[in-house]
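Here's a quick briefing to read alongside the model. Have the structure open and follow along.

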Amino acid sequence: MDSDDEFMSGLSDDGFEQAHDSDDGSMADDEEFDEDAGFSQDKDLKPGKKAYEVDFKVFSPKDIQSHQDKQIDEVSAILGQPSEATAILLRHLRWNKERLIETYMERPESVLETAGLGPESVQTPTTKVIKGFTCEICCEDTPGLETYALKCGHRYCVDCYRQYLAQKIKDEGEAARIQCPTSGCNRIVDSKSLDMLVAAELKSRYQVLLTRTYVDDKDNLKWCPAPNCEYAIECGVKKRELNRIVPTVACACEHRFCFGCTLHDHQPAPCSLVKQWLKKCEDDSETANWISANTKECPKCSSTIEKNGGCNHMTCRKCKHEFCWMCMGLWSEHGTSWYNCNRFEERSGLDGRDAQAKSRQSLERYLHYYNRYANHEQSAKLDKDLASKTNVKMKSLASTSGMSWIEVEFLKTASQTLQTCRQTLKWTYAFAYYLQRNNLTEIFEDNQKDFEMAVESLSEMFEKPTQELAALKVDMMDKTSYCNKRRVILLDDTAQNLKTGEWKFNVDITMGP
Amino acid sequence: MAQKRIAKEYSELQKKPLEGMKISLPSEADMHQWQILIDGPKGSPYEGGVFTLHLSLPTEYPFKPPTLSFKTKIYHPNVTNDDKGSMCLGMLRADEWKPSSKIDAVLSFAKALLLEPQADDAVEGGIAREYKENKKEFVKNAKAWTKQYAKR
């Protein structure tokens, strides 16, 4: 059994308050989350749920905290361990509840030992003054020194303990796995001890770090990657499903991102294509492609030469070698017949030409998709600049036309729609670059064309001077909803075919382990 | 805070020196920089040589680990073969270091490493491979380097 799945379902039914939810809400059907059919047919047929949508929940820091506490309480009751120790055990086993309970029931001592909760030699730990004590860390032996020891009994002065904890938390960002300062002792510093020893500021940092490990440790939870956002998203889509689904989620902060790779929303292209595409665009390989398509090498000294005039009679700048651009042969052999290069059909010349044509074709194909991809990226940026002016526009429109603030809201909606649509359009081009041609591709391109036309005409309207906008209100609202509709149609179609594995790609789209 | 502990460790090591090691301070004013002369252990390819090591104690010591480096060139999988001669493994790593660890343990660790290199945690991959696959060749090279660089 895949304990992940099991645990997932355990998560969703404890039903604490949810901050935000995907369009159709409920995670209830996750209880029947089947191992191999993460997105079964039944689920697809649920009314209102599109093929490209995934279920997810947004958690605030408070939610995450209470979620953690709840898990700890639950497991604490089962194991009969105090909640401090339970928290350490859960963190040690990366919050895998089932595995913890199972292994604990089998051999409790060894689980406790490896988690850093070995046999106890001292009762409730408190700070103490001990006569004749010398701290092993700082070698201080002043009478009246406050000391502290974890349950393992290794005692140090409180100052050293504080400095040790401060360094671990502040400098090393460590929380759940801070051990006793004694070399060879793996006893974990529990948060009760920590509370007693450190200043309030460090305590809160410690809590933040603990919460972070909770989210980091679990596959179905991810932090929203938006800067300064403190929310986390829960989504049940697994890594191995990423070649069949593009799990776009939206945080409460409005940031839309892919749960699979945490990059910005890249529907309809699956994560692995996105990775390959970005790498391709980044690589200099395309520059090399350009060179091979537009230049030749001097047959004598191999300098790279770009033809800059019409004449085929080339003279290498470097070695002064004279040759024919057409057949790459010696110019002297051409005599006066250069204009009708009779070596053109020669085998070697033919091969050379083929190689060059092929390279040129692949370059042109790439550039076709890349230019459109880059154009939407650029346009989205421009639209965004425009959006920042939207507020100004809305105000000015409200004042000139006598419309109320609510009535000019359509501008904001239009601007947001433009952003989302451009983002999707951009990725349709990367997606198409990797598609093999067949009937489905034709349908896809038709959808893409309709969608793109709609978006461009909305974008055009959006740029109109403010005084004309009032008259365009109805048109613009229509266009906005039409754009959304076209986007849904395209995404639904691509997602559907991705799920069923209908698309034929010209690269491998299975994600690595 | 660190001063007291460092002074104590230093005087203890002077009183009860580790076998085959001589410790001194290059500058009396700076307790954080130590010089160690270590004899190549018997039975190792370093036998007969004497190696100069530098031990540097950070200001955060003992909360952060000391750094140990070979000033004498040495043919060893765990010591970088450059002018730094640095080592980074076991208790010398920040995440494994504990404030209660002592310098004598660090030095004993270094000596043990001369007797038995840890090829799986190597900084010099080539030497590590040779150590694992062609011990004879490794011993020959290590001996030659000892003769050349670590003469008494």
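How many bridges join strand β4 of chain A to β5(A)? Three do, and the two strands run antiparallel. Keep in mind that this is a predicted model. The notes below start with that sheet, then go to the core of chain A and a helix pair in chain B.

**The sheet in chain A**
- Strands β3, β4 and β5 of chain A, in that order, make up an open sheet with antiparallel pairing.
- At the edges sit β3 (128-129) and β5 (155-157) of chain A, each pairing on one side only.
- Strand β4(A) covers residues 146-149, and A:Y148 stands opposite A:Y156 in β5(A).
- Helix α7 of chain A (residues 158-171) lies across β4 and β5 of chain A, and runs at about 90° to β5(A).

**The largest nonpolar core**
- This core has 47 residues, and A:W277, A:L411, A:F431, A:M476 and A:F505 have the most contacts inside it.
- Helices α10 (271-282), α12 (347-401), α13 (409-433), α14 (439-462) and α15 (466-499) of chain A each supply at least two of the core's residues.
- The largest share, 12 residues, comes from α13(A).

**A helix pair in chain B**
- The axes of α3 (residues 125-133) and α4 (residues 135-149) of chain B come within 5 Å and cross at roughly 125°, which makes α3(B) oblique to α4(B).
- On the α3(B) side, B:I127, B:E130, B:Y131 and B:E133 meet B:K135, B:E137, B:F138 and B:N141 in α4(B).
- Sorted by class, that contact has four charged, three nonpolar and one polar residue.

Terms used
Residues are numbered from 1 along each chain as its sequence is written. Chains are lettered from A and ligands numbered from 1 in the order in which they are written. This is a predicted model: local features need pLDDT of at least 70, side-chain atom pairs count only at pLDDT 80 or more; totals for chains, interfaces and linings use all residues. Side-chain values use heavy atoms; hydrogens and water are left out. Axes are lines fitted to C-alpha atoms, for helices over the stretch in contact, and angles run from 0 to 180 degrees between N-to-C directions. Helices (H or I, at least four residues) and strands (E, at least two) are DSSP runs, numbered from the N terminus. Angles under 35 degrees count as roughly parallel, over 145 as roughly antiparallel, 65 to 115 as roughly perpendicular and the rest as oblique. Contact means heavy atoms within 4.5 Å. Ala, Val, Leu, Ile, Met, Phe, Trp, Tyr, Cys and Pro count as nonpolar, Asp, Glu, Lys and Arg as charged, and the others, Gly among them, as polar. Two strands pair if DSSP finds at least two bridges between them. A nonpolar core is a set of buried Ala, Val, Leu, Ile, Met, Phe, Trp, Tyr and Cys residues joined through side-chain atoms within 4.5 Å. Buried means under 20% relative accessible area, exposed over 50%, partly exposed in between (1.4 Å probe, protein chains only).
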